[in-house]
Amino acid sequence: MVASLGRSAHDCPQPCACPADSPLCPLGTSLVLDGCGCCKVCARQLGEPCSLLEPCDHHKALYCDYTVLSDTETGICMAQEGQTCDLGGATFRSGESFQPSCKHHCVCMNGEIGCVPMCASDVRLPSPDCPYPHRIQIPGKCCEEWVCEQTSQDHNYQAYPSEDTTPSDNCIVQTTEWSKCSATCGMAISSRITNDNQRCQLERQTRICIVRPCNSQQEKEIKKGKKCTRTPKAQEGIRFELSGCLSTRLYKPKFCGVCTDNRCCTPHTTITTEVEFFCPEGDVFTKKMMFIKTCSCHHDCPQDNDIFLVSYMRRMVGDYESSM
């Protein structure tokens with residue numbers, strides 16, 4: 001890769017002159033520091049023009065190749081050599097973004113696929129006075145919408161009196177179960193709907209989750225005479241990575257294992273806690289994260305490569321918040 005032919009740090013403005021507010025980047029586009037280390041900008045994506053002040057998305061292993069264009073101050077974002085991703089008969093290059101459906105925006109990163117939901121911010125929630133809210137699919141629309149029913153139809157809500165101080169003593173907390181992780185390996189996301197807040201209003205909460213590492217060869221950990229390794233634990237402390245940012249603490253998490261008899265292992269008992277991340281740009285943030293306590297192995301498995309369309313839902317029990 002050749003990046004040294006472009007503008008150098010001597011071309012950076014002194015002192016830094018940045019807008020008061022950071023730009024709002026499109027979904028799936030990282031907010032990074034420019035090549036001068038001054039201002040935060042929306043990273044350029046695969047195939048887009050790039051420069052010192054408009055860097056490529058290093059979280060997706062992209063780099064600015066200045067040999068493609070005759071203008072030495074402008075290059076094209078290219079992907080570093082990496083494994084391609086195959087999904088549904090289509091092949092994607094490492095660093096390439098794509099949408100397998102209208103509900104997900106994904107990126108291929110060295111043979112692994114990471115996705116974020118497109119519908120999370122579009123869900124319209126009913127008023128807090130609604131006794132039994134639930135989601136339905138509207139014909140002609142991609143994302144599900146919430147509707148209100150006056151009688152219970154058993155929509156997997158847990159209703160219990162709120163212990164928090166809220167503006168109304170009549171607030172009944174309603175919380176859905178956490179959805180399954182959006183990927184069977186690597187960093188993924190799950191979500192739930194709850195009104196467990198000071199305003200007693202329904203809101204969507206998300207948490208990051210890792211069911212198991214990708215390419216971990218868990219089959220080698222199955223003991224002689226056994227068919228599964230149910231809940232293996234990391235032998236050494238690891239740092240979680242999220243969009244190029246690392247957790248400030250080391251963790252020894254448990255994962256769900258694999259079986260040799262066509263069963264699959266999924267989380268059964270989990271806890272949710274806050275994890276702090278530190279980014280190369282200097283930012284520090286926290287995210288809710290699922291930690292596995294136990295897994296169950298069963299035959300109710302999703303189809304191969306069908307991580308976006310599976311409808312199975314195995315109930316997780318005992319999930320609770322933890323400060324760890």
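Q: Which strand gives the most residues to the lining of the largest pocket?
A: Let's start with the pocket itself, in what is a predicted model. The pocket holds about 1900 Å³ of space, and β9 (104-109), β10 (112-117), β15 (187-194), β16, β17 (241-242) and β20 each supply at least two residues of its lining. With 6 residues, the strand that gives the most is β10.

Q: Which residues that line the largest pocket are the closest to its centre?
A: The lining is made up of 50 residues. By class, 28 of them are nonpolar, 13 polar and 9 charged. Closest to the centre of the pocket are V116, M187, L242, S243 and G244.

Q: Which strand supplies the largest share of the largest nonpolar core?
A: Now for the core, where 14 residues come together, and F240, V275, F277, M289 and F291 have the most contacts inside it. At least two residues each come from β16 (203-210), β19 (264-278) and β20 (284-298). The largest share, 3 residues, belongs to β19.

Q: Which residues does M289 touch, leaving aside those up to four places away in sequence?
A: M289 is a good one to look at, being among the residues with the most contacts inside the largest nonpolar core. F240 and V275 are listed with it there, and both are also among its contacts. In full, M289 touches R207, I208, I210, F240, I271, T272, T273 and V275.

Q: How many residues are in the other core, which has C209, V211, M290 and C295 among them?
A: This core lies apart from the largest nonpolar core, which has 14 residues. C209, V211, M290 and C295 are some of its members. The number of residues in this other core is 13.

Q: Is H298 buried or exposed?
A: H298 has its place in strand β20. Its relative accessible area is 7%, and the cut-off for a buried residue is under 20%. Because 7% falls under that cut-off, H298 is buried.

Q: Which side chain does a polar contact of 2.7 Å join to that of H298?
A: Although H298 is buried, its side chain takes part in a polar contact. The contact spans 2.7 Å. The partner is the side chain of T266.

Q: What distance separates the C-alpha atoms of I76 and P49?
A: I76 lies in strand β5, residues 75-79, and counts as buried at 16% relative accessibility. Along the chain, I76 and P49 are 27 residues apart. Their C-alpha atoms, though, are separated by 4.5 Å.

Technical notes: Residues are numbered from 1 along each chain as its sequence is written. This is a predicted model: local features need pLDDT of at least 70, side-chain atom pairs count only at pLDDT 80 or more; totals for chains, interfaces and linings use all residues. Side-chain values use heavy atoms; hydrogens and water are left out. A nonpolar core is a set of buried Ala, Val, Leu, Ile, Met, Phe, Trp, Tyr and Cys residues joined through side-chain atoms within 4.5 Å. Buried means under 20% relative accessible area, exposed over 50%, partly exposed in between (1.4 Å probe, protein chains only). Helices (H or I, at least four residues) and strands (E, at least two) are DSSP runs, numbered from the N terminus. Contact means heavy atoms within 4.5 Å. A polar contact is a pair of N or O atoms within 3.5 Å; within protein, one must be able to donate a hydrogen and the other to accept it, and residues adjacent in sequence count only if both atoms are side-chain atoms. On a 1 Å grid over the protein atoms alone, a cavity is a set of points where a 1.4 Å probe fits but cannot get out, and a pocket is an open set with protein on both sides within 12 Å along at least five of seven lines; lining residues have an atom within 4 Å of a point. Grid points are joined across faces, edges and corners, and a volume is the space filled by probe spheres set on the points. Ala, Val, Leu, Ile, Met, Phe, Trp, Tyr, Cys and Pro count as nonpolar, Asp, Glu, Lys and Arg as charged, and the others, Gly among them, as polar.
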